[in-house]
Amino acid sequence: MWPLWSLLLWEALLPITVTGAQVLSKVGDSVLLVAVRPPGFQVREALWRSLWPSEELLATFFRGSLETLYHSRFLGRAQLHSNLSLELGPLESADSGNFSVLMVDTRGQTWTQTLQLKVYDAVPRPVVQVFIAVGGDAQPPKTCQAFLSCWAPNISEITYSWRRETTVDFGMEPHSLFTDGQVLSISLGPGDRGVAYSCIVSNPVSWDLATVTPWESCHHDAAPGKASYKDVLLVVVPVSLLLILVALFSAWHWGPCSGRSPAGTGGRWRRWSSWGAGGLGPPPV
């Protein structure tokens, strides 16, 4: 126990701290936290700690012996190498945090290095949906105005970008981006029948993409004079509602609760009523 207390005392009395760079990795991978020391610094003792979100002892080096069997969240996932670099893995999303290594040389001088570890989830394949705008008078003939919507589930800190899968420059056609790049607005013509668009989703450690051909969702190949889906809905919806209302009114008007018996079917109606009333006797023969 004395070596640990002596290291912490050295750190308090002779603090020489160097802040290291941010280290990036992803869930499921292993990461190496490299211990950097100045030239000529001969390490006699070393101590690795987690500083945030909780302060924990992870590994020590004392009298040539490496030790990592400390009760921390990295127990069984930490390995201290001979060069005093600390390897952690497989990583979990909650492993992000700040770490430090305190080293003491043979002359009693200390050297402290801090590093920030950021663990990201791997980016899943995004989902792309195509929405076609209804043509109006202002839209040029034989064109299709499309909106491509891209979405990646359950991922934070990601960026969206779009790529036109063709040798033609992307700026050759009108386009606009909305909602931080998740929605792309494009205007297509007959020459874009086979042109595909890819949505690229990325974070600092991984990326994935999904590709669609938006012209396949356009309806400019319909025969002249053919009604659009909006024209059909304007006729079908009111007629369907009228038929439903008529059916409901008929069921209420002629239902068994009304007490009426249709003409010419008295015996048959009574037979149904007697069984349905809870068994008032056998039906008439």
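The charged end of K118 lies over the ring of Y120, at 5.6 Å from the ring centre. The model is predicted, and this placement is a feature of the predicted coordinates. A search of the whole structure for pairs between aromatic rings finds 1.

**Overall make-up**

The chain has 285 residues, of which 33% are buried. Its secondary structure comprises 3 helices and 16 strands. Among contacts with a separation of 6 or more, 58% are between residues 24 or more positions apart. The chain exposes about 17,800 Å², and 60% of that area is supplied by carbon and sulfur atoms.

**A nonpolar patch**

L241, I244, L245 and L248 make a nonpolar surface patch of about 420 Å². One of these residues, L241, belongs to helix α2, which covers residues 229-254. Is L241 buried or exposed? L241 has a relative accessible area of 51%, so it counts as exposed; the cut-off for that class is over 50%.

**Backbone exceptions**

Most peptide bonds are trans, and most residues other than glycine have a negative phi. Two cis peptide bonds and two positive phi values are listed below.

| Site | Feature | Value | Location |
|---|---|---|---|
| W52 and P53 | cis peptide bond | omega about 10° | P53 in the loop between β3 (43-52) and β4 (56-62) |
| G89 to P90 | cis peptide bond | omega near -5° | P90 in the loop between β7 (86-88) and β8 (97-105) |
| R63 | positive phi | about 55° | loop between β4 and β5 (65-67) |
| L84 | positive phi | near 70° | loop between β6 (78-80) and β7 |

In the cis bonds, proline is the second residue named: P53 follows W52, and P90 follows G89. P53 is placed in the loop that links β3 and β4, while the loop holding P90 runs between β7 and β8.

Neither positive phi belongs to a glycine: one is in R63 and the other in L84. How accessible is R63? R63 has 72% relative accessibility and therefore counts as exposed; its loop lies between β4 and β5. L84, in the loop between β6 and β7, has 4% relative accessibility and so counts as buried. The limit for a buried residue is under 20% relative accessible area.

Key: Residues are numbered from 1 along each chain as its sequence is written. This is a predicted model: local features need pLDDT of at least 70, side-chain atom pairs count only at pLDDT 80 or more; totals for chains, interfaces and linings use all residues. Side-chain values use heavy atoms; hydrogens and water are left out. Rings of Phe, Tyr and Trp (its six-membered ring) pair if their centres lie within 6.5 Å; planes under 30 degrees apart count as stacked, over 60 as edge-to-face and the rest as tilted. A charge sits over a ring if NZ of Lys or CZ of Arg is within 6 Å of the ring centre and within 35 degrees of the ring normal. Patches are made of residues with over 30% relative accessible area and no salt bridge: like charges are joined within 9 Å, nonpolar side chains (Val, Leu, Ile, Met, Phe, Trp, Tyr) within 5 Å. Accessible areas come from the Shrake-Rupley method with a 1.4 Å probe; for residues, only the protein chains shown count as cover. A salt bridge is a side-chain nitrogen of Lys or Arg within 4 Å of a carboxyl oxygen of Asp or Glu. Helices (H or I, at least four residues) and strands (E, at least two) are DSSP runs, numbered from the N terminus. Buried means under 20% relative accessible area, exposed over 50%, partly exposed in between (1.4 Å probe, protein chains only). Contact means heavy atoms within 4.5 Å.
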